[in-house]
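I opened this notebook to keep track of what I looked up in one structure. The entries follow the order in which I checked things.

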Amino acid sequence: MPLPPGLELSAAGDDNRPVRQLVRDFTAKHVMPVAADLDASPRFPAEIYREMAKAGLFGITVPEELGGAGARALDYLHVMEGLSFGYASVADQCGLVELVGTLLTKHGTPDQQREFLGPLLRADRFCAYALTEAGAGSDLRGVSTRARPDGDGWILDGEKVFIHNAPVADFATVLARTGDSYSVFLVDLDANGVSRTYREHKMGQRASQVGGLAFESVRLPAGALLGGLGEGFTLMTSVLARGRLGISGLSLGISRAAITAATEQAETRTAFGRPIGANQGVAFPIADAAAEYRAAFLLAEDAARRLDQGQEDAAAACSMAKLYASEACVRHADMAVQVFGGSGYIQGYLPERLYRDARITRIYEGTSEIQRLIISRWLMDTRGGTR
Ligand SMILES: Cc1cc2nc3c(=O)[nH]c(=O)nc-3n(C[C@H](O)[C@H](O)[C@H](O)COP(=O)(O)OP(=O)(O)OC[C@H]3O[C@@H](n4cnc5c(N)ncnc54)[C@H](O)[C@@H]3O)c2cc1C
């Protein structure tokens, strides 16, 4: 499906045109032809991820000397948007690798980087990022997974739910209680005492494998501790903004796919002797969506620049970008269903999948309500953001 030229954003400038072209070509060749099949018979498309690794689409902001692309958060945003235009699940894998790759880059020892980061970026080993538990989602202070010292290592007990890649990952970064504080551990998922408890059947993004992990007296070596003891929340906070920026890109890709499909349908489907798009009732919602898409993209690019420059308000800016883009993409997918009429509700037509794929963007990486909490607290702390 051709990209409506009107949706092309140039605000990022020419310097990231090669990245946009790379991801556009990759998506057209490797993602779009298989997206509908992956949705219908959800499986883990390892072969696509190996191609992504070869193309340099894993670890976009990880320095080149550690095996990444050494690019900016701004480029990462565009990669997420471009992949998600083809299929959100594929973008989500890129986002997960970016998150865990950034954690290992910022906090990993050289040994941990050798053991986990290199194989992760080459797609030789797949990862999971395991925070959530049955009693701890938005409020992670409810985490009850516990690591207690044992000799020079640790013993891990607990259970995680809703974990992306849990059914297929080779290792996980696991948030656990260590006494009164929290720490992050690198856990080999083939170790004794680890089980993959179940695989979820989800509404959308169905090629993303999500499930549970249980840890029963899992012996961890001393080198499993990532960062300092008791620094679990600091570690997580250090990557949250980047994760949210990524989801804003993923949401934008869904929006563009919805707007593109709706535009084509408005031009080609006829009713009452003329294209349906000749009716303002059909055309204007598409126009509104296009304006929102551009606004969301500019907001996200602004957040990416603040992240790249290490500005103090980058985290709040990324929360704004995620909030706005995710809420918008759910509206845009709904708009596309409406423009398609009955076929928009039928499996095999793109809007039906986009509608299901969009909905989770308002929930994971912090719900919309949690983003509003972060933004409003930041506003109050900085007295209107003027400090
Ligand atoms: C497909 C999928 C993939 C996921 N992948 C991962 C993963 O890889 N790793 C991982 O660790 N987790 C993952 N999660 C978990 C996800 O991050 C959580 O589901 C999410 O953070 C919300 O937590 P919860 O489900 O416990 O909802 P709750 O925290 O119970 O929230 C329920 C509702 O209450 C609202 N709420 C809660 N507190 C407040 C408040 N203070 N003010 C206003 N409203 C509030 C929430 O916004 C929400 O609407 C995934 C979830 C899904 C569905």
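Before starting, I noted the cut-offs: a residue is buried under 20% relative accessible area, exposed over 50%, and partly exposed in between. I also noted that the model is predicted.

**Entry 1: a pair between strands**

I looked up Arg-219 and found a relative accessibility of 42%, so Arg-219 counts as partly exposed. Its salt-bridge partner is Asp-150, with the closest N and O atoms 3.1 Å apart. Asp-150 lies in strand 2 and Arg-219 in strand 7 (residues 210-220), so this pair ties together parts 69 residues apart in sequence. Asp-150 has a relative accessible area of 30% and is therefore partly exposed.

**Entry 2: other salt bridges**

I read the total for salt bridges as 20. I then asked where Glu-133 and Lys-160 sit in the chain. Their side chains form a salt bridge at 2.9 Å, N to O. Glu-133 is in the loop between strand 1 and strand 2 (146-150), while Lys-160 is in strand 3, 27 residues apart, and the pair links distant parts of the chain. I checked both for exposure, and both Glu-133 and Lys-160 are buried.

Next I took Glu-51 and Lys-54, whose closest N and O atoms are 3.3 Å apart in a salt bridge. The two are three residues apart in helix 3 (residues 46-55), so about one helical turn separates them. Glu-51 is partly exposed at 28% relative accessibility, whereas Lys-54 is exposed at 67%.

I also noted a network of salt bridges that links Asp-39, Arg-206, Glu-352 and Arg-356.

**Entry 3: the ligand**

Which residues are closest to the ligand? I found 17 residues around the ligand, the closest being Tyr-129, Thr-132, Ser-138, Thr-367 and Glu-369. By class, I list ten nonpolar, five polar and two charged residues in this shell.

For contacts with oxygen atoms of the ligand, I recorded a polar side-chain atom of Ser-138 at 2.7 Å. A side-chain N or O atom of Glu-369 also lies 2.7 Å from a ligand oxygen, and a backbone N or O atom of His-164 lies 3.0 Å from one. The ligand taken alone exposes 980 Å², of which the protein buries 62%. Strand 1 (127-130), strand 3 (153-164) and helix 11 (368-381) each give two or more residues to the shell. Strand 3 gives the largest share, three residues.

**Entry 4: a surface patch**

I last looked at Tyr-345, Ile-346 and Tyr-349, which form a nonpolar surface patch with about 370 Å² of accessible area together. Ile-346 is in the loop between helix 9 (314-340) and helix 10 (350-359). With a relative accessible area of 43%, Ile-346 is partly exposed.

Key
Residues numbered from 1 in each chain as written. Predicted model: local features only at pLDDT ≥ 70, side-chain atom pairs only at ≥ 80, totals over all residues. Heavy atoms only, no water. Patch = residues over 30% accessible without salt bridge, like charges linked within 9 Å, V, L, I, M, F, W, Y side chains within 5 Å. Areas by Shrake-Rupley, 256 points an atom, 1.4 Å probe, with all protein chains shown as cover. Salt bridge = Lys/Arg side-chain N within 4 Å of Asp/Glu carboxyl O. Helix = DSSP H or I, 4+ residues; strand = E, 2+ residues; numbered from the N terminus. Buried < 20%, exposed > 50% of the residue type's maximum accessible area, 1.4 Å probe, protein only. Near = heavy atom within 4 Å. Polar contact = N/O pair within 3.5 Å; in protein donor to acceptor, adjacent residues only side chain to side chain. Nonpolar A, V, L, I, M, F, W, Y, C, P; charged D, E, K, R; others polar.
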